[in-house]
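Biologist: I am new to this structure and would like a close look at a single part. Please take me through the surroundings of the ligand, step by step.

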Amino acid sequence: MRMTRLLFPTLKEVPRDAVIPSHILMLRAGLIRKLGSGFYTYLPLGLRILKKIENIIREEMDKIGAQEVLFPILIPKELWEESGRWDAFRKELFRLQDRHENHYALGPTHEESVTDLFRREYTSYREMPVVIYQMAVKFRDEIRPRFGVMRSREFIMKDAYSFHLTEECLDKTYNDMSIAYQAIFKRLGLKTLSVRADTGAMGGSGSEEFMVENETGEEIIVFCRSCSYAANIEKAETVLQQPDVSAAAETSALEETATPGVRTIEELENFLKLPKMSFIKSLIYKNPDSGSLVMALIRGDREINEKKLAGALGWAEITLAGDNEILEVTGAPAGFAGPCLLKKKVEIIADLSVKEMRNAVSGANKKDTHYKNIKFGRDFTPDRIADINKAHSGDACPSCRQKLFESRGVEVGHIFKLGDKYTKAFGVKIADNNSSEKIPIMGCYGIGVNRSLAAVIEQNHDENGIIFPPQIAPYQAGIISVNAADSRVFAVSEEIYNILQKEDIEALWDDRDIRAGIKFKDADLAGIPVKIIISEKALGSGQIEIKIRKTGETRMVKKEEIASVTKAIFAELEDAQQ
Ligand code: ATP
Ligand code: MG
């Protein structure tokens with residue numbers, strides 16, 4: 001492509017509403033333009049990259065025997081009613097009506113469409129497994145569209161669905177998908193962490209999220225650099241550091257101690273000269289739906305994970321109780337609550353960390369007073385013990401015991417075992433080999449195509465712009481005619497442009513009659529992997545300069561070698577990515 005024919009509007013300044021590097025660079029490099037809140041036009045360079053990402057995904061899906069289809073964006077309300085999601089999806093679903101007052105949704109995901117197709121087209125166990133995918137636009141009325149194409153309201157997703165009659169069959173496809181996803185992200189130049197819903201203790205996991213470490217991410221993950229463990233902080237198991245109990249193994253009798261105005265663990269630590277681990281933190285929580293109250297206990301050096309706590313209690317929502325409720329339960333103001341001798345009986349749920357505690361200290365449910373020498377099982381017995389502990393960096397890895405790190409992550413892909421939720425709701429039955437009818441089970445597998453592109457840019461850029469890996473760069477090589485008005489420079493540039501075309505190297509020839517500095521800047525901004533620089537000076541010496549975007553390295557080559565050296569550079573860059 002000749003630059004004089006191309007819509008490639010680069011920007012010098014950082015656009016006003018862009019805050020993260022990928023959003024800023026996609027706008028500055030002329031890849032996208034905003035059309036409305038959360039939807040973007042892809043300009044020629046942006047679209048080329050997107051198509052390359054789609055093709056890499058396609059190749060890996062085809063390799064595992066998935067077949068590509070295309071569902072309509074419109075999905076009739078009746079299908080949503082069958083699955084029960086017309087209401088469940090609430091405000092995220094874009095809904096519309098036709099002239100006959102039929103209702104539709106713009107597809108945010110296609111479980112309904114695929115289950116309906118499967119129900120009509122498949123009948124026998126012999127046809128299983130069925131693996132179907134598409135590359136298509138999705139619509140979600142996100143509450144907060146932001147960060148450009150990272151979280152938009154219209155985006156492209158590769159969504160795949162599989163159907164099986166046995167768990168083993170589903171496991172096999174799920175596993176193939178997991179391997180295919182790893183291959184895809186690697187080919188895109190993305191380093192991902194794999195976050196599984198469980199760590200394998202229960203025999204295989206039900207979901208796996210592919211996360212890209214990034215400060216703008218909305219998910220917090222803990223992960224281990226020594227093994228492959230990674231988990232969402234909401235779910236991460238915690239391996240506790242054990243206190244040294246041998247010194248005080250004998251427990252004395254429960255004893256009150258005056259702690260005037262001393263409420264927090266830090267204040268207690270200073271006042272009583274005891275380590276944080278000696279205290280039991282006692283917090284009262286409330287279920288805002290039902291109004292019920294519980295007391296949750298955790299060792300003083302740890303924090304409660306409210307998501308885990310709500311999960312353990314089976315509550316949809318959870319909040320900390322107010323001062324009046326604390327007074328009602330404990331008979332004391334906030335800061336002096338403890339599990340022994342509560343004024344009002346409420347359920348007590350203790351974290352695993354509390355179970356082994358001896359000679360512990362906690363509030364005495366009396367103003368300015370704490371108890372010492374509390375013994376689990378003697379002075380209080382919780383109604384429930386559960387893991388409600390919040391993991392954080394520095395904790396031991398549950399799998400290899402090395403130190404865990406904490407990071408923010410962006411989800412680029414997600415694979416999930418769905419079970420029979422949709423097939424059951426849609427009344428799907430398949431004849432098994434005994435001619436009895438069975439409800440098939442499903443898996444679903446998504447990759448955010450545009451979000452992956454943004455994530456690649458987050459992970460591959462510098463102060464000059466994007467550094468695309470050659471396999472997804474909009475063009476692989478940029479020909480920079482340093483003085484395009486010079487007839488010799490122009491002629492040689494054209495010759496090289498033709499050679500590259502013939503050799504299947506995608507070339508972008510900057511034939512504009514402008515300063516060379518701008519050409520270099522634009523090529524770097526758009527992440528073109530190599531620049532082939534044609535100047536009068538170089539022509540005089542018979543050597544042409546090739547400059548590698550990623551390393552800044554320069555190679556001088558003869559005209560005849562340009563194609564072979566350029567290809568060799570791509571191979572080197574791809575190898576370095578492995
Ligand atoms: P999130 O938690 O980020 O909202 P999700 O759980 O809703 O994601 P899925 O329904 O699993 O996402 O969709 C599959 C993939 O589609 C995600 O892994 C992500 O890459 C992409 N995706 C989801 N929502 C958006 C969006 N609003 N904009 C861009 N990509 C998205
Ligand atoms: Mg979402």
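Modeller: Strands here are DSSP runs of at least two residues, numbered from the N terminus. Keep in mind that this is a predicted model.

Start with the strands. Strand E8 (154-164) and strand E21 (404-419) each supply at least two residues of the shell around ligand 1. E21 provides the largest share of that shell, four residues.

Now the shell itself. There are 15 residues around ligand 1. Arg140, Glu142, Arg151, Ser152 and Glu411 come nearest. By type, the shell holds six charged, five nonpolar and four polar residues.

Next, the individual atom pairs. Glu142 places a polar side-chain atom 2.7 Å from a nitrogen atom of ligand 1. Arg151 has an N or O atom in its side chain 2.7 Å from an oxygen atom of the ligand. Met150 takes part through its backbone: a polar atom there is 3.5 Å from a nitrogen atom of ligand 1. How much of the ligand does the protein bury? Taken alone, ligand 1 exposes 590 Å², and the protein buries 81% of that.

Step back to the space around the ligand. Ligand 1 sits in the largest pocket. That pocket encloses about 1000 Å³ of space. Its lining counts 37 residues. Nearest the centre of the pocket lie Arg140, Met157, Glu411, His414 and Arg451. Arg140 and Glu411 therefore appear in both lists: they are among the residues that come nearest to ligand 1, and they are among those nearest the pocket centre, where a lining residue is one with an atom within 4 Å of a grid point.

Which elements build this lining? E8, E21, helix H10 (421-425) and strand E24 (441-448) each give two or more residues. E21 gives the most, with eight residues. E21 also has the largest share of the shell around the ligand. The pocket lining divides into 15 nonpolar, 13 charged and nine polar residues.

One other space deserves a brief mention. The count comes to one cavity of 30 Å³ or more. The largest cavity has a volume of about 40 Å³. Its lining is Met3, Gly478, Ile479, Ile480, Leu508, Asp510, Ala523 and Ile528. Strand E27 (477-481) and strand E28 (507-510) each give two or more of these residues. E27 gives the most, with three. Six of the lining residues are nonpolar, one is polar and one is charged.

Methods:
Residues numbered from 1 in each chain as written. Chains lettered and ligands numbered in written order. Predicted model: local features only at pLDDT ≥ 70, side-chain atom pairs only at ≥ 80, totals over all residues. Heavy atoms only, no water. Near = heavy atom within 4 Å. Polar contact = N/O pair within 3.5 Å; in protein donor to acceptor, adjacent residues only side chain to side chain. Areas by Shrake-Rupley, 256 points an atom, 1.4 Å probe, with all protein chains shown as cover. 1 Å grid on protein atoms, 1.4 Å probe; cavity = no way out; pocket = protein on both sides within 12 Å on 5 of 7 lines; lining within 4 Å. Sits in = over half its atoms within 2 Å of the grid points. Nonpolar A, V, L, I, M, F, W, Y, C, P; charged D, E, K, R; others polar. Points joined across faces, edges and corners; volume = space filled by probe spheres on them.
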